[in-house]
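Colleague: I would like to go through this structure with you step by step, beginning with its pockets. Could you explain each answer as you would to a first-year student?

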Amino acid sequence: MNKSYGEIVSLVCDTLVEAGSRFREDKKEAYKRALAAEEDDIAKWVLENVLANADAAGKNNSPLCDDTGIPHMVLEVGSDAVVTGRMLDAIKEGIAEGLRKLPGRPMGIMGDDRHRIDQSGGLNPDSADVEPAPILLRRCEDNTIRLHILMFGGGPAIRAKTYRVFHKHNTQVVLDEIVNWASEGVVQLGCSPCTLAVGIGRSHFEATSMMLQAQVDGRYDLQSEMEQEITRRVNETNIGPLGLHGKTSVLATFMKVGPQRASGVRIVCVRPTCCFEPRIATVELL
């Protein structure tokens, strides 16, 4: 049954708050497994406190982190479902209300293009002025409209990398580069343990979109052989939680490989998400 404009606004608002304030159950279990396997006392202390922070945020519907993030969305549409401009308006309004309710940190820069680039226009005190990123649309098998909301923090964006890799007709060459980039990013990020989000595509746009979808589809309790290898090798660097050493630099790797073309390069996007990401929640709008 089609939902009304107001119902969609309310659902999207609550979903954004959930994304910004709660760990999914599989992520909680991943932290618990990491705690059980960790031998370093300081690393254990960090993991325990991240979990305690997540529990407190979930109970109070409060932000997991002071960097409340930029909304990113993946919209899944079934074969007979219809997305209208009015629905997109309701989603945008729901995002704005959610940013006020969370509350989101005011991060919207006012002014024209030049002002927004050099940050001379000042901050808008309204949390809702944080514009969401463009919606990524994809097909789903069931006949519904499903919205995934992710909140992207600034630290992972600073340490992320999207670039070409000369694959030399060898998958291991690409995996080696991913491990090198991830190890460098995790040690500089500080807010570990990370979940590595990886996308491989034919263009920078496609690789980045694959990275986004990898976070939507990824599961901590279900990892491919390549994902397990990347996680294991980065953990062997002994970076550890908050960079204080230990076994747990990375909780898991979420990787999505898109279509490829006959070419000497693969475009790879690696985002070392922070200890609170992926901050994600999902709602059905139909």
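Modeller: Gladly, and please keep in mind that this is a predicted model. A good place to begin is the second largest pocket, which has a volume of about 240 Å³.

Colleague: Which helix gives the most to the lining of the second largest pocket?

Modeller: The residues that line the second largest pocket include H72, A133, P134, I135 and L136, and also F205, T208, S209, M211 and L212. By class, this lining holds 8 nonpolar, 3 polar and 1 charged residues. The helix that gives the most to it, with 5 residues, is α8 (residues 204-217).

Colleague: From which element does the largest share of the lining of the largest pocket come?

Modeller: The largest pocket encloses about 290 Å³ of space, and among the 15 residues that line it, the closest to its centre are A34, T231, N235, V250 and L251. Two or more lining residues come from each of α2, α9 and β6, and the lining as a whole divides into 7 nonpolar, 5 polar and 3 charged residues. The largest share, 4 residues, comes from α2.

Colleague: How many cavities of 30 Å³ or more does a search of the whole structure find, and how many residues of the lining of the largest cavity are charged?

Modeller: The search of the whole structure finds 1 cavity of 30 Å³ or more, and about 60 Å³ of space lies in the largest cavity. Its lining includes R22, R24, K27 and R279, together with residues such as F23, L64 and Q215. When the lining is divided by class, there are 7 nonpolar residues and 1 polar residue, and the number of charged residues is 4.

Colleague: Which element supplies the largest share of the largest nonpolar core?

Modeller: The largest nonpolar core has 40 residues, and those with the most contacts inside it are Y31, I178, I230, V234 and V268. At least two residues of this core come from each of α2 (25-37), α3 (41-60), α7 (171-189), β5 (194-201), α9 (225-235), β6 (250-257) and β7 (265-273). The largest share, 8 residues, is supplied by α7.

Colleague: How many residues does the second, separate core have?

Modeller: This core is separate from the one just described, and it includes V12, V17, I91 and L147. As a general background, nonpolar side chains in soluble globular proteins tend to be buried together. The number of residues in this second core is 24.

Colleague: Which residue in β2 is the bridge partner of V74?

Modeller: Strand β1 (residues 70-77) is mostly covered, with 7 of its 8 residues buried, and it pairs with strand β3 (residues 145-152) in the antiparallel sense over 8 bridges. In that pairing, P71 stands opposite M151 in β3. β1 is also joined to strand β2 (residues 136-139) by 4 bridges, and these two strands run parallel. In β2, the bridge partner of V74 is L136.

Colleague: Why does R164 count as partly exposed?

Modeller: R164 lies in strand β4 (residues 161-166), and, not counting residues up to four places away in sequence, R164 touches V265, R266 and I267. The C-alpha atoms of R164 and I267 are separated by 4.4 Å, although the two residues are 103 residues apart along the chain. A residue is partly exposed when its relative accessibility falls between the cut-offs of 20% and 50%, and R164 counts as partly exposed because its relative accessibility is 31%.

Technical notes: Residues are numbered from 1 along each chain as its sequence is written. This is a predicted model: local features need pLDDT of at least 70, side-chain atom pairs count only at pLDDT 80 or more; totals for chains, interfaces and linings use all residues. Side-chain values use heavy atoms; hydrogens and water are left out. Buried means under 20% relative accessible area, exposed over 50%, partly exposed in between (1.4 Å probe, protein chains only). Two strands pair if DSSP finds at least two bridges between them. On a 1 Å grid over the protein atoms alone, a cavity is a set of points where a 1.4 Å probe fits but cannot get out, and a pocket is an open set with protein on both sides within 12 Å along at least five of seven lines; lining residues have an atom within 4 Å of a point. Grid points are joined across faces, edges and corners, and a volume is the space filled by probe spheres set on the points. Ala, Val, Leu, Ile, Met, Phe, Trp, Tyr, Cys and Pro count as nonpolar, Asp, Glu, Lys and Arg as charged, and the others, Gly among them, as polar. A nonpolar core is a set of buried Ala, Val, Leu, Ile, Met, Phe, Trp, Tyr and Cys residues joined through side-chain atoms within 4.5 Å. Contact means heavy atoms within 4.5 Å.
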